[in-house]
Amino acid sequence: MTLELTPPPSKPISNPIEKPSILEQSLDAMSIWLSGRGHPRYRAKQILAWVYHRRAASFADMTDLPKALRLELEEAFDFFRSTTVETQDSEDGTQKLLLQLHDGGRIECVLLRDGPRRSICVSSQVGCAMGCVFCASGLDGVDRNLTRAEILEQMLKLQRLLPPDERLSHIVMMGMGEPLANLPRVLDALAVAKDPEIGLGISPRRITISTVGIPASIDKLAEDRSPYHLAISLHAPNDLLRSQLVPVNKKIGIEPILAAADRYFQATGRRLTFEYVLLKDLNDSPECARELVQLLRGRTAMLNVIPYNPVPGLPYETPSPDAIYEFRRTLVDGGINVMFRQRKGNDIQAACGQLRRLRQNEPFAGPSLVTLEP
Ligand code: SAH
């Protein structure tokens, strides 16, 4: 069976792009561009260092370049293209950005502070086609894939929220969208994210790609030979329940996903993570926990249980602390390596797609900073 998971062609772009983005340029491409205009090729490294290391916000910031070159760069390339519509600051240090893209599409990305970790959660698509019933991102389907530049721009805007002595340490592709449905662009952006010389220098072991589970794309990811951490959003121990919660499962099924995950483990040696959003009275029963033990036993894997983060307007609820405890006990007793993720940014709309949805019907009057008081 062929699986049609690519988004439809983009809607007509209201604000067409005239210039290429600097974030699409490789070191080679920059060197060629420079030498074609009579500039020394070594400037390419200098320019990209300003973009990825020295946190410039514009070409004008690149003060050790000749002024004429700065002007030429400005004429030839776009720097950041999105507008930050809103910044939400949580008490626990989590910050979320709502970005408006050049064509009006909106995406979210998040910076999380956890001890020494500075993790970012990044979107891969505008909307999502997977249709997980409890998730805000997919309620209106998918508009389009993000480009390499749009994925990198999220990383760079979040990086610029950090003080100069702090660096991004982890990336999770867990924002809006299904990263494996946009794999070429995601891999292009991550190649820059992991590049220590002209990129962000984040080890691929600290980069997580979270997926609903598309077997053929998991195999392609394994071919990339970068030891990215793979997280599979399982959410149910059997196909009957999973197909209700994750409708795309009807076309795939748990077994082929687990088989692809096992191949990924064999190819990369990376321990897998399975994610399980715990929804009251739907997938939180002791029976579900026992079935999960059967399903995952024997795999070198970690189960990440995430209590549901309620989405306004959706009927799903977070289980009680007692139910969560019971669920956990059954898994631990069954020998499963289980982690209960602490929720971050609870006081802001930090779950996937929530902020975009909240602001959907409000006109955008310009950037604003919303600081939420405790
Ligand atoms: N499409 C990918 C990545 C984006 S979703 C995937 O399915 O993995 C990232 C994770 O957030 C998924 O495990 C998803 O199920 C979870 N998630 C989405 N909405 C949530 C919510 N309201 N509360 C808790 N977790 C949620």
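1. In this predicted model, the crossing of helices H10 and H11 is right-handed. Helix H10 spans residues 286–296 and helix H11 spans residues 321–333, and their axes come within 9 Å of each other while crossing at roughly 25°. Since angles under 35 degrees count as roughly parallel, H10 and H11 are therefore roughly parallel to each other.

2. A second helix pair is formed by H1, which covers residues 27–36, and H2, which covers residues 43–52; these two pack with their axes 8 Å apart and at an angle of about 125°. That angle makes H1 oblique to H2. The crossing of H1 and H2 is, for its part, right-handed.

3. Turning to the ligand, there are 19 residues around it, and those that come nearest are Gly177, Ser210, Ser233, His235 and Asn309. Sorted by class, the shell around the ligand consists of 10 nonpolar, 7 polar and 2 charged residues. Strand E8 (207–211) and strand E10 (272–278) each contribute at least two residues to this shell.

4. The polar contacts of the ligand involve backbone as well as side-chain atoms of the protein. On the backbone side, an N or O atom of Gly177 lies 3.0 Å from a nitrogen atom of the ligand, and a polar backbone atom of Thr211 is 3.3 Å from an oxygen atom of the ligand. On the side-chain side, an N or O atom of Ser233 is found 2.6 Å from an oxygen atom of the ligand. With regard to cover, the ligand on its own has 530 Å² of accessible area, of which the protein covers 94%.

5. What should a reader inspect at Ser233 and Gly177? Both are among the residues that come nearest to the ligand, with the side chain of Ser233 placing an N or O atom 2.6 Å from a ligand oxygen and the backbone of Gly177 placing one 3.0 Å from a ligand nitrogen.

Technical notes. Residues numbered from 1 in each chain as written. Predicted model: local features only at pLDDT ≥ 70, side-chain atom pairs only at ≥ 80, totals over all residues. Heavy atoms only, no water. Near = heavy atom within 4 Å. Polar contact = N/O pair within 3.5 Å; in protein donor to acceptor, adjacent residues only side chain to side chain. Areas by Shrake-Rupley, 256 points an atom, 1.4 Å probe, with all protein chains shown as cover. Helix = DSSP H or I, 4+ residues; strand = E, 2+ residues; numbered from the N terminus. Nonpolar A, V, L, I, M, F, W, Y, C, P; charged D, E, K, R; others polar. Axes fitted to C-alpha atoms, helices over the stretch in contact; angles between N-to-C directions. Parallel < 35°, antiparallel > 145°, perpendicular 65-115°, else oblique. Left-handed = near helix turned anticlockwise from the far one by under 90°.
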